[in-house]
Structures are given as structure tokens and as C-alpha cells.
Amino acid sequence: MCLKHRDRMLIIPVMLCALLGTPVPTAVANDGLAPPTGVEVARLYAEAAKATEQYEKGRRAADRQRVTAGRLQDRLSRQRERLDAVHDTLGGVAREQYRTGGSLALTGRLLLADDPNALLRGYRVAERAEKAVSRLLDQERAAERDLAAAEADASAAWQDLAARSTRLAAVKRGIETKLETAQWKLQAEADSSAAAGKCAGAVRLKQPGGPPKGLEWVAPVKDYSLSAGFDSTGELWAHRHTGQDFAVGIGAPVRSVGAGRVTSVSCGGGFGMQVLVQHPNGYYLQYAHLAGVTVDQGEQVVTGQWIGQAGTTGNSTGPHLHFEVRLTPYLGSGVDPVSWLRERGVYL
């Protein structure tokens with residue numbers, strides 16, 4: 001039995017897929033009354049997941065655009081260096097013309113030259129060179145203008161994306177705050193039920209769909225951290241730890257590892273709120289320290305079906321799921337859940 005848990009609460013595991021800002025129907029109609037807290041937590045998980053997805057997408061886009069702007073800025077600096085070099089070349093040609101006196105000096109040289117034709121050919125070559133440098137200067141200026149425009153566009157896009165990411169981060173934080181408030185409200189309600197030894201009843205959440213395609217077995221939760229393992233020892237356990245703990249946030253959906261039948265739903269005691277599922281292969285799987293249940297005793301469940309919401313009821317010091325694999329319905333017949341799941345193709 002789990003009595004020890006030191007992992008901090010994870011606020012935003014990605015559990016649902018819903019459009020940010022669009023209400024997600026997560027339970028059957030309840031005659032206009034406010035939805036159960038568990039439903040509200042599930043809805044906020046969906047919004048938090050979408051907000052996180054949008055924020056990360058925007059942040060990555062801004063990072064890419066910032067890199068693009070930086071590269072264009074480097075290219076623009078190199079282009080301006082080339083343009084300065086062309087300016088220097090053209091300036092040298094102009095200085096040479098000034099030094100030699102321009103066209104009047106050319107006339108004098110032609111009259112005094114031993115070979116006027118050779119001299120004239122030399123000046124024609126110089127003229128063509130000057131024109132080529134001028135054309136190169138025009139090309140370099142055009143390239144500079146194009147690069148400057150591209151760099152300005154990239155910088156503007158980067159700044160716009162960065163501002164959008166900032167706004168998305170603010171939305172994300174707002175949803176997280178609401179989610180945390182709803183999570184602890186759900187936990188308080190669950191603690192009351194556990195203290196009274198009477199569960200409030202199944203809260204029907206909208207399921208994510210049918211069984212995972214091609215999978216007979218799945219992990220009991222998504223986006224978790226493994227904490228206390230099977231057969232661990234510690235001062236807070238009477239003997240040894242009889243299951244595997246998964247650190248997740250309060251209200252995180254707990255899935256049935258495989259197809260089976262719910263043999264019991266109970267509250268109170270060291271395990272707090274818990275669900276026990278019997279499987280056709282003879283094993284019993286326990287899901288304990290829950291903050292809510294979404295199934296009733298005797299109900300048939302399929303692989304991946306949500307059967308509860310994680311919490312910290314009973315002898316627990318932090319939000320997590322205590323998952324146990326037993327040979328019988330009773331405590332003391334447990335086997336290592338990690339090895340058991342690995343044998344069925346589920347690697348934690």
C-alpha cells in the first residue's frame with residue numbers, strides 16, 4: 001500500500017485534445033446545474049493542453065524566425081562590405097581619370113603617342129572596365145535593397161511572433177491557475193467522501209474514443225513520472241510497497257490498463273478512493289488514491305477507458321496514482337506491475 005509520495009504535483013499533463021477557448025463537452029447533461037468538479041477539471045485539462053500546444057508552437061516559430069532574421073542580417077552585413085569594396089574600386093577609377101586630366105589629356109596623349117592606336121585600345125579597355133564596375137555597383141545596390149527588405153520583414157515577423165507567444169503564455173498561465181484551483185476543490189470533495197467512507201458516485205466524463213487501435217494493454221496514465229516502485233521500503237510503510245506509483249496531477253484521467261469488469265469502487269481506508277478491475281486472465285488491477293471515479297461496480301470496461309481521476313486520498317502525501325497488480329482481490333497478493341506490464345508490451 002502506498003503511504004509515501006514526495007513528487008510535486010504536475011499541473012499540465014497533455015491528456016485531452018480540444019480547441020483552445022472552445023468548451024469541451026465532458027459529461028452528460030445535468031438539467032442545467034453546474035457540472036461536477038471532476039468535469040470542470042477535465043475541461044481545464046483540455047484547455048491547458050491546447051494552450052500549451054499553441055504556446056510551444058508559437059515559441060518554436062518565433063525562434064525559427066529569429067534565426068532567419070539573424071542570418072539575413074549577417075548576409076546584409078557581408079553585402080554591404082562588398083558594396084564598399086565596389087565603391088572603392090569605382091573611386092579608384094575616378095581618381096585615375098582626375099589625375100590624368102580626363103578627355104583633354106587623352107587628346108594630348110594621342111597626338112604625342114608613338115602608337116596612337118595602342119593607346120586608344122588601352123583607354124577603351126579602361127572605359128569598359130569602368131562600365132563593368134558601374135554595373136556591378138548597381139547590382140550590389142539592388143542586392144542590398146532586397147536583403148534589407150527581407151531582413152526587415154523577418155525581424156518584424158519575429159517580433160510579431162514573440163509578442164504572440166507572450167500573449168499565449170499569459171493565457172496558459174491563466175488556465176493553469178484555474179486548473180489548480182479546480183484540482184484542489186476536487187481533492188477536497190474527494191477527501192470528504194473518503195473520510196465518510198462513501199463515494200459520491202461515478203462522474204461520467206466524455207471518453208477519448210474506443211480502445212487504442214491494435215493495443216490490448218496500455219499504461220494506466222499518460223505524462224507521468226514514476227515514483228515509488230514495487231517492493232520499496234520506507235519508514236511510512238508498514239511492510240513494503242505493494243504497487244507502482246505514477247506522479248500525475250490531481251484530476252488526471254486514469255485509464256483501465258486492459259479490458260475487464262469493475263469488481264469494486266470504494267472510499268476510505270489507507271488507499272482512499274479506489275477502483276478494482278478484474279481481467280479475464282485472472283488478475284485484479286487496483287487504482288488507488290483517486291480524487292474521482294467515472295465507473296460503477298459491475299461495469300464492463302475496455303482498454304484505455306477512463307475509470308477515474310488521480311488524486312491524493314487516503315494515506316498519501318502527494319498527488320499520484322497507486323497502481324497494483326494482484327493475483328487475488330486482496331492485499332498481499334501483488335506482483336511487480338512494471339514487469340507485468342512489460343510482459344504485455346507496455347514499457348514504462
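## Strands, ring pairs and a pocket in a predicted model

Strands β5 and β6 run antiparallel and are joined by 5 bridges. This arrangement, like everything described below, is taken from a predicted model. Within the pairing of these two strands, L276 stands opposite Q286 in β6. The two strands form a hairpin with 5 residues between them, and in its turn G282 has a positive phi of about 95°.

On its other pairing, β5 meets strand β4 (residues 260-266), to which 5 bridges join it, again in an antiparallel sense. Here the bridge partner of S266 is Q274 in β5. The hairpin of β4 and β5 has 6 residues between the strands, and G268 takes a positive phi near 95° in it. How much of β5 is buried? Of its 6 residues, 5 are buried, so that the strand is mostly covered.

**Aromatic pairs**

A pair of aromatic rings is described by the distance of the centres and the angle of the planes. The structure holds 5 aromatic pairs, and two of them are set out in the table.

| Pair | Centre to centre | Angle between planes | Class |
|---|---|---|---|
| Y283 and W340 | 5.3 Å | 70° | edge-to-face |
| Y287 and F323 | 5.4 Å | 50° | tilted |

The pair of Y283 and W340 links distant parts of the chain, with Y283 placed in the loop between β5 (273-278) and β6 (284-293), W340 placed in helix α4 (residues 337-342), and 57 residues separating the two. W340 has a relative accessible area of 3%, and because this is under the 20% limit, the residue counts as buried.

Which parts of the chain does the pair of Y287 and F323 tie together? Y287 lies in strand β6 and F323 in strand β9 (residues 321-326), so the pair ties together parts that are 36 residues apart in sequence. Both Y287 and F323 are buried, and these two residues also belong to a cluster in which ring pairs link Y224, F246, Y287 and F323.

A ring also takes part in a contact of another kind, since the charged end of R344 sits over the ring of W217, at 5.8 Å from its centre.

**A buried alanine in helix α1**

A51 is found in helix α1 (residues 37-100). Its relative accessible area is 2%, and therefore A51 is buried. A51 and A170 are 119 residues apart in sequence, whereas their C-alpha atoms are 9.7 Å apart in space.

**The second largest pocket**

Rolling a probe the size of a water molecule over the atoms shows where empty space is left. In this model, the second largest pocket holds about 190 Å³ of space. It is lined by 16 residues, and those closest to its centre are L186, E189, A200, V203 and A291.

Which elements supply at least two residues each to this lining? They are α1, α3 (116-196) and β6, and α3 gives the most, with 4 residues. Helix α1, which holds A51, and strand β6, which holds Y287, thus appear again in the lining of the second largest pocket. By class, that lining has 9 nonpolar, 6 polar and 1 charged residues.

How values were computed. Residues are numbered from 1 along each chain as its sequence is written. This is a predicted model: local features need pLDDT of at least 70, side-chain atom pairs count only at pLDDT 80 or more; totals for chains, interfaces and linings use all residues. Side-chain values use heavy atoms; hydrogens and water are left out. Rings of Phe, Tyr and Trp (its six-membered ring) pair if their centres lie within 6.5 Å; planes under 30 degrees apart count as stacked, over 60 as edge-to-face and the rest as tilted. Buried means under 20% relative accessible area, exposed over 50%, partly exposed in between (1.4 Å probe, protein chains only). A charge sits over a ring if NZ of Lys or CZ of Arg is within 6 Å of the ring centre and within 35 degrees of the ring normal. Two strands pair if DSSP finds at least two bridges between them. On a 1 Å grid over the protein atoms alone, a cavity is a set of points where a 1.4 Å probe fits but cannot get out, and a pocket is an open set with protein on both sides within 12 Å along at least five of seven lines; lining residues have an atom within 4 Å of a point. Grid points are joined across faces, edges and corners, and a volume is the space filled by probe spheres set on the points. Ala, Val, Leu, Ile, Met, Phe, Trp, Tyr, Cys and Pro count as nonpolar, Asp, Glu, Lys and Arg as charged, and the others, Gly among them, as polar.
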